[in-house]
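Please look over the sequence and the model below. The report that follows describes its strands, sheets and core.

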Amino acid sequence: MRSSLWHAWLRGLAWWIALAWGFPTTAEVPWSTTFDQEVTEERHAVTVSLDPDHGTVTWVAQRTFVNLGETPEEMMLELEMPAGGVVTGLRVHDGTQWRAAELMDADLADALYRETPDGALPHSPRPPALLTYSRHRHHLWLYPLMPGRAHPIEITMESPTRYIDGEVTFGYP
């Protein structure tokens, strides 16, 4: 009984966090553009799921970016990660449906990303997105961000919980 009450409390806490957590604003989350077009973040929502049995927290961040300029833009977003977190999924919305990213060799992925100026990969209808990891930092590259159009992305991250002084804790940057 005590365990199920604990799990119910944790589920309630996760729900509350998803609604009330003060997530970073665009001013606090760095991104840069290649061609100096103005890009704004239209939406940033995070859903949190706690799995106390496995000691993990899953974070699903949905973000939507809009290019306010007049020409296509490339954007690089530095991802803020939870402590000990890893990216476990990436999806890009192509205007009609969500498309899951595929894991591939870094050099091949970079070559495909760089050779696709119009956003149409030769073997896939997915909009190009490149997620890189180096020196303990994750970067997401998006191209093309077409002018005036919403570009939704979804990043799934997983991080461990910590047990401190009898309490399960976790943190988000």
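## Ser159 and its surroundings

S159 lies in strand β9. The model is predicted, and in it S159 has a relative accessibility of 3%. Buried means under 20% relative accessible area, so S159 counts as buried.

The side chain of S159 makes a polar contact of 3.0 Å with the side chain of W59. Leaving out residues up to four places away in sequence, S159 touches G55, T56, V57 and W59, and also P82, A83, G84 and G85.

## Trp59 and the nonpolar core

W59 is the bridge partner, in β3, of V48. Apart from neighbours within four places in sequence, the contacts of W59 include V46, T47 and V48. Others in the list are P82, I155, T156, M157 and S159, together with F170, G171 and Y172.

W59 also belongs to the largest nonpolar core, which has 22 residues. W59, L140 and I153 are the residues with the most contacts inside this core. Two or more core residues come from each of the elements β2, β3, β4 (73–79), β5 (86–93), β8 and β9.

## The five-stranded sheet

Which strands make up the open sheet of 5 strands, and in what order? The order is β2-β3-β9-β5-β6, and the pairing is antiparallel. β2 and β6 (98–100) stand at the edges; each has a single partner strand, so one side of each is left without a neighbour in the sheet. On average, neighbouring strands here are turned by 20° against each other, direction ignored.

Strand β3 covers residues 56–67 and is mostly covered, with 9 of its 12 residues buried. On one pairing, β3 is joined to strand β2 (residues 39–51) in the antiparallel sense over 12 bridges. These two strands form a hairpin with 4 residues between them, and G55 in the turn has a positive phi of about 65°. β3 also pairs with strand β9 (residues 150–160), again antiparallel, over 11 bridges. Two bridge pairs place the residues of these strands: R63 has I153 as its partner in β9, and T58 has E158 as its partner in β9. I153 is thus named both as the bridge partner of R63 and among the residues with the most contacts in the largest core.

## The four-stranded sheet

A further open sheet has 4 strands in the order β1-β4-β8-β7, with antiparallel pairing. Its edge strands are β1 (31–33) and β7 (129–134), each of which pairs on one side only. The twist from one strand to the next averages 20°.

At the β7 edge, 6 bridges join β7 to strand β8 (residues 137–145), and the two run antiparallel. Within this pairing, A129 stands opposite L142 in β8.

## His139 in β8

Is H139, a residue of strand β8, buried or exposed? The relative accessible area of H139 is 17%, so H139 is buried. Residues up to four places away in sequence aside, H139 touches M76, L77 and E78, as well as L130, L131 and T132. β8, the strand that holds H139, is also one of the elements that give two or more residues to the largest core.

Definitions and conventions. Residues numbered from 1 in each chain as written. Predicted model: local features only at pLDDT ≥ 70, side-chain atom pairs only at ≥ 80, totals over all residues. Heavy atoms only, no water. Pairing = 2+ DSSP bridges. Axes fitted to C-alpha atoms, helices over the stretch in contact; angles between N-to-C directions. Buried < 20%, exposed > 50% of the residue type's maximum accessible area, 1.4 Å probe, protein only. Contact = heavy atoms within 4.5 Å. Core = buried A, V, L, I, M, F, W, Y, C linked by side-chain atoms within 4.5 Å. Polar contact = N/O pair within 3.5 Å; in protein donor to acceptor, adjacent residues only side chain to side chain.
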